[in-house]
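Let's walk through this structure together, going from the whole chain down to one residue. Keep the picture open while you read.

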Amino acid sequence: QEAEVVAAGLAYEGALGDRALDAEVEAAARAEAPPLVARRLEKLRLAMAPAQRPEALTERIVGLETELQGLYSGHRAVVDGRELTDNEVDAVLLTGTDVAEREAVWTAARGVSAHVDAPLRELAGLRNEAARALGARDHYALALRAEEIDEGWLLDLMDRLDERLAPAWAAERAAMDADIRSRLGLAADAPLAPWHYADRFFQEAPPLAHDPLLEQAEGIDQL
């Protein structure tokens with residue numbers, strides 16, 4: 001199955017990286033065309049540009065991306081000899097109050113890092129090498145260029161948002177941490193570790209005992 005995924009990925013990259021087709025798209029983009037058609041051609045050129053990298057790099061990058069996807073999706077946390085599904089891991093971190101169990105489950109779930117470290121570092125290096133071959137500073141800069149995002153504007157925006165939202169975030173974070181300590185029976189000044197939080201990837205806010213948004217939503221027909 002992994003070989004089929006790699007083959008599909010290479011076929012997709014090959015279509016985008018077709019230099020003859022890229023030249024045709026570029027020529028069509030330079031010709032006069034209705035605004036909508038011209039915009040479509042420009043978006044197509046932007047999508048094809050990152051795929052113009054050397055073929056050998058493309059093959060290795062697609063192979064590593066597929067390998068990493070398999071490692072992440074195939075990893076299972078093992079605690080006390082029992083294999084846990086991702087749903088079981090999430091359930092413990094979302095509702096569990098046994099701190100020792102939470103730490104054991106979180107640590108086991110994050111054990112995938114030992115397997116992905118080397119291929120992930122290699123992938124990052126090859127992506128940067130491919131980006132430099134196309135005239136970009138690195139993969140990050142190339143990705144922003146493909147999305148028509150000015151890096152300076154983006155970083156300035158994030159800095160301004162960070163500055164303006166810092167007080168509100170500090171207050172919200174303090175409330176969330178206090179709620180976690182209370183739910184887990186920890187001292188009010190106890191330091192919090194990653195396994196105390198509900199989301200192992202730190203992408204979702206922890207559930208609050210008294211969520212003000214839920215109170216505001218009561219009685220509202222959400223359909």
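What share of the contacts in the protein chain with a separation of 6 or more is accounted for by residues 24 or more positions apart? The share is 65%. Keep in mind that this model is predicted.

Now follow the backbone. The protein chain has 10 helices and two strands. Starting at the N terminus, you will meet them in the order α-α-α-α-β-β-α-α-α-α-α-α. The protein chain is more spread out than a compact globule, because its radius of gyration is 24 Å, well over the 17 Å that the globule rule gives for 223 residues. You can also look at its extent: the C-alpha trace spans about 65 × 45 × 40 Å along its principal axes.

Next, think about inside and outside. Of the 223 residues in the protein chain, 28% are buried. The accessible surface of the protein chain comes to about 14,800 Å², and carbon and sulfur atoms hold 56% of that surface. Charges are worth a look too: the protein chain carries 23 positive and 43 negative ones, and the mean positions of these two groups lie 4 Å apart.

Finally, let's zoom in on one residue. Find A28 in helix 2, which covers residues 19-30. Is A28 buried, partly exposed or exposed? Its relative accessibility is 32%, and buried means under 20% while exposed means over 50%, so A28 counts as partly exposed. From there, look across to E42: this residue is 14 residues from A28 along the chain, and the C-alpha atoms of the two are separated by 9.5 Å.

Notes. Residues numbered from 1 in each chain as written. Predicted model: local features only at pLDDT ≥ 70, side-chain atom pairs only at ≥ 80, totals over all residues. Heavy atoms only, no water. Helix = DSSP H or I, 4+ residues; strand = E, 2+ residues; numbered from the N terminus. Rg over C-alpha atoms; globule rule 2.2 N^0.38 Å. Buried < 20%, exposed > 50% of the residue type's maximum accessible area, 1.4 Å probe, protein only. Contact = heavy atoms within 4.5 Å. Areas by Shrake-Rupley, 256 points an atom, 1.4 Å probe, with all protein chains shown as cover. Lys, Arg positive; Asp, Glu negative; His and termini not counted. Charge placed at Lys NZ, Arg CZ, Asp CG, Glu CD.
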